[in-house]
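User: Please take a close look at one part of this model, the largest pocket. I would like to know what lines it and how the surrounding parts are built.

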Amino acid sequence: MSARVLIVEDEAALAELLRYNLEAEGFIVSHASTGEEAELLIAEEKPDLIILDWMLPTFSGVELCRRIRARQETRAIPILMLTARGEESDRIRGLSTGADDYVVKPFSLPELMARVKAILRRTAPERLADVLRAGEIELDRAAHRVTRGNREVRLGPTEFRLLEFMMQSPGRVLSREQLLNGVWGRDAYIDERTVDVHIGRLRRALVRGKEHDPIRTVRGAGYVFDQRRSA
Ligand code: CA
């Protein structure tokens, strides 16, 4: 049983991007572009987490947050607020909006996904997906096991974390710095070329013969995990 996430965001492109990445993580995602729509969906679907944009067309995300907190049935639903850089982010820090956490736009998707999972680990740990899937590649977090079709892919611990991190942001260019921070941690004193070495090992383990290479190198930018063309 996967966690249900409701995205309340009026920017269609951003909502779509969030949906794509959350679904890749195994979440069941719904989307509302106004507070009114969101209230209907919350009553119907009882989401496990709401990602709520501060600026919405009719009434604001803060007002919606207040209403959710005021009702007995919805009071406990965790809320991750999205705010724009500038005034609002300063105000949200000072205000007690009732949100559990917030992310300032423009945010990095790996960071947002990490916040989403951190909240759910606290509030609904049993509903975090154990298995990530992309085409015929499956990564089982609980069993620490990766398969491609019927074949087991043997990975070292670093390659496993690297693949897990990349599968969490499919289709996105991840810079060497983002990979370093996400896989080794911000405090690791590791050369960015180390990332290339581990990417090379991961590729050799994942790709046999004429199989599609899901890791694409983007010159001067980083790497993309993209498994959509194969399967
Ligand atoms: Ca907005």
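Analyst: What follows starts at the pocket and then works outward through the two domains. Keep in mind that this is a predicted model.

The largest pocket holds about 520 Å³ of space. Its lining is made of 20 residues. Pro110, Ala114, Phe165, Gln168 and Gly182 lie nearest the centre of the pocket. By class, the lining counts 9 charged, 6 nonpolar and 5 polar residues.

Which elements give two or more residues to this lining? They are helix H5 (109-123), helix H6 and helix H7 (176-184). Both domains take part: domain 1 (4-127) and domain 2 (129-225) each supply at least three lining residues.

Now the domains themselves. The chain is divided into domain 1 (4-127) and domain 2 (129-225). Their C-alpha centres lie 28 Å apart. In the contact between them, 12 residues of domain 1 meet 11 residues of domain 2.

Helix H6 leads from the pocket to a sheet. That sheet is open, has 4 strands in the order E6-E7-E8-E9, and pairs in the antiparallel sense. Strand E6 (131-134) and strand E9 (151-153) are its edges, each pairing on one side only. Neighbouring strands are turned by 25° against each other on average, direction ignored. Strand E8 (residues 145-148) joins E9 through 3 antiparallel bridges. Here Val146 stands opposite Val153 of E9. Helix H6 (residues 157-167) packs on this sheet and touches E6, strand E7 (137-140) and E8. The direction of H6 makes about 115° with that of E7.

A second sheet is also open, but its 5 strands pair in the parallel sense, in the order E2-E1-E3-E4-E5. The edges are strand E2 (28-32) and strand E5 (101-105), each with pairing on one side only. The twist averages 20° from one strand to the next. Strand E1 (residues 4-8) pairs with E2 over 5 parallel bridges. One residue of E2, Val29, is the bridge partner of Val5.

Two helices pack on the parallel sheet. Helix H1 (residues 12-24) lies across E1, E2, strand E3 (49-53), strand E4 (79-84) and E5. H1 runs at about 170° to E2. Helix H3 (residues 61-70) touches E1, E3 and E4, and its direction makes about 165° with that of E4.

Back to the pocket: its lining draws on both domains, and H6, which packs on the antiparallel sheet, is among the helices that give two or more residues to the lining.

Terms used:
Residues are numbered from 1 along each chain as its sequence is written. This is a predicted model: local features need pLDDT of at least 70, side-chain atom pairs count only at pLDDT 80 or more; totals for chains, interfaces and linings use all residues. Side-chain values use heavy atoms; hydrogens and water are left out. Two strands pair if DSSP finds at least two bridges between them. Axes are lines fitted to C-alpha atoms, for helices over the stretch in contact, and angles run from 0 to 180 degrees between N-to-C directions. Contact means heavy atoms within 4.5 Å. On a 1 Å grid over the protein atoms alone, a cavity is a set of points where a 1.4 Å probe fits but cannot get out, and a pocket is an open set with protein on both sides within 12 Å along at least five of seven lines; lining residues have an atom within 4 Å of a point. Grid points are joined across faces, edges and corners, and a volume is the space filled by probe spheres set on the points. Ala, Val, Leu, Ile, Met, Phe, Trp, Tyr, Cys and Pro count as nonpolar, Asp, Glu, Lys and Arg as charged, and the others, Gly among them, as polar. Domain bounds come from an automatic or database domain assignment.
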